[in-house]
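Here are a few notes to read alongside the structure. Take them one at a time, and look for each feature as you go.

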Amino acid sequence: MSRSKPLDSGHLAAAAALDYVDGHAAADLRRAVEEHLALPCPACRERVRELGWLLERMARDRVPEVPAALRARALAVFDAREPRKAIARAVAALARPLFDSLTQPLPAPARAVGEVRRLAFGLGDHRIEFEAEIETATTRTLRGRLEVPDPALHRIEVTAMRERLVAVPDARGWFSLERVPAGRVRIAVRGPAGPYRLPLLDL
Amino acid sequence: MRRYERLVYAVARTYRLPDADLGDVFQEVFAALYRGLPALRDPRALCRWLSSTSDRIARAAARRARAAPTASLDEPGVADRLPADLPSIGSDLETLEEQAMVRIALASLPERCRLLLGALYYEDPPASYAALARRFGVPIGSLGPTRARCFEALRRAYQVLSADAGISASGSPTFQTRERARERRARAAAGPAQPT
């Protein structure tokens, strides 16, 4: 039990406040701190409140060290992506990610938004937007819009689980594909706007 | 990455994923961060983005993992029995973000303070003063005052971090404001007050 000096320049001493909050104060120190907190001293009350807040977060934080294998795996992605980025720049045929509701920060009330993942990719000066909706545990529905000149002249090819599905957008670019196998999906856009390949997606 | 990895890990492991899936989540979150999707400058915003992104990705992985063993649709009604969704860990995310922010504030302190507070408040069970005096090669009587000084430095560092994030105009209301916000959310979650 600590018997540190309760006051310093008329306010609670740092050690006394901490001892009081984390339960290390001896009875006489505890009484002295409580007597001071009973006075109109908002600064000391606030300090005690903040110390308690910090101690509670620290006491509840028992997350173990991150395993080295996990860290190494994440770092490996960075190493692998540098050359790919350079290739993408050179070939200019890899669609550019613009939006992904899986990773885009959303305000807290929207965090629990359900089963639809929305994505958008830049295709040179044009873009494709679509949503992937969970159909069953193993299939997804893709629907969206290809925003290019003459969209009906284009094809959207989706390859998943060795299955290839093709959608042809209507005159306004709308398209829909049902029963797309869930999992790793490769999507390509072919047509006059040029062939574009979207990054591999997990849907 | 070192600074924030524990937060990603903390969120992802709440879904009790197998190691391989946990690795996928970890990789995907940092890959998303690397792609530069968020223009996040301050630690608070980055913590929020990382926790939210980790939650979303880990939840998706958990859903896939649950679905996988019964994924065959040959069996009638299988799809209907699969869980439609897993709830987000929701308000726990905020606690994990706050814990990450405290660790970031701690990391900004001098090494001696970092080690001392780490040993006292993060080791389980906490190290005894006698063991710490031996570990740091200092008189046991000096540990109490050093602990108080270090904790005061941590409190100020946390205030600076929160103020940088624009949470509060002044330092001290930061804690209070967030406590009140938490209370408001708890009341909202409990539903409307019952008439007496």
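**Notes on chains B and A**

1. Let's begin with a pair of helices in chain B. Helix 1 (residues 5–13) of chain B and helix 3 (residues 43–67) of chain B have axes that come within 9 Å and cross at roughly 35 degrees. Those two values are a standard pair: packed helices are described by the angle between their axes and the distance between the axes. Please keep in mind throughout that this is a predicted model.

2. Which way does the crossing turn? Helix 1 of chain B passes helix 3 of chain B in a right-handed crossing. On the side of helix 1 of chain B, the contact is made by B:Leu7, B:Val8, B:Val11 and B:Ala12. Helix 3 of chain B contributes B:Cys47, B:Leu50, B:Ser51, B:Ser54, B:Asp55 and B:Ala58. Sorted by character, the residues of this contact are seven nonpolar, two polar and one charged. When you look at the numbering, a general point helps: an α-helix has 3.6 residues a turn, so residues three or four places apart point the same way.

3. Now step back to chain B as a whole. Its secondary structure comes to nine helices and zero strands. Of its 196 residues, 33% count as buried. Among the contacts in chain B with a separation of 6 or more, 67% are between residues 24 or more positions apart.

4. Chain A has a sheet to look at. Five strands form an open sheet in the order 3-4-5-6-9, and the pairing is antiparallel. Why do strand 3 and strand 9 of chain A each have one side without a neighbour in the sheet? Strand 3 (96–100) and strand 9 (174–181) of chain A stand at the edges with a single partner strand each, so one side of each is left free of a neighbour there. On average, neighbouring strands of this sheet are turned by 20 degrees against each other, direction ignored.

5. Within that sheet, try following one pair. Strand 4 (residues 116–123) and strand 5 (residues 126–134) of chain A run antiparallel and are joined by eight bridges. To find one of the partners, start at A:Phe121: its bridge partner in strand 5 of chain A is A:Ile128.

6. Finally, is helix 1 of chain A buried or exposed? Eight of the eight residues of this helix (residues 14–21) are buried, so it is largely enclosed by the rest of the structure. Among them are A:Leu18, A:Asp19 and A:Tyr20. After helix 1 of chain A comes A:Gly23, with a positive phi near 80 degrees.

Technical notes:
Residues are numbered from 1 along each chain as its sequence is written. Chains are lettered from A and ligands numbered from 1 in the order in which they are written. This is a predicted model: local features need pLDDT of at least 70, side-chain atom pairs count only at pLDDT 80 or more; totals for chains, interfaces and linings use all residues. Two strands pair if DSSP finds at least two bridges between them. Helices (H or I, at least four residues) and strands (E, at least two) are DSSP runs, numbered from the N terminus. Axes are lines fitted to C-alpha atoms, for helices over the stretch in contact, and angles run from 0 to 180 degrees between N-to-C directions. A residue is buried if 20 or more other C-beta atoms lie within 10 Å of its own, exposed if 12 or fewer, and partly exposed in between; C-beta atoms are placed from the backbone. Two residues are in contact if their C-beta atoms, placed from the backbone, lie within 7 Å. A crossing is left-handed if the near helix is turned anticlockwise from the far one by less than a right angle, and right-handed if clockwise. Ala, Val, Leu, Ile, Met, Phe, Trp, Tyr, Cys and Pro count as nonpolar, Asp, Glu, Lys and Arg as charged, and the others, Gly among them, as polar.
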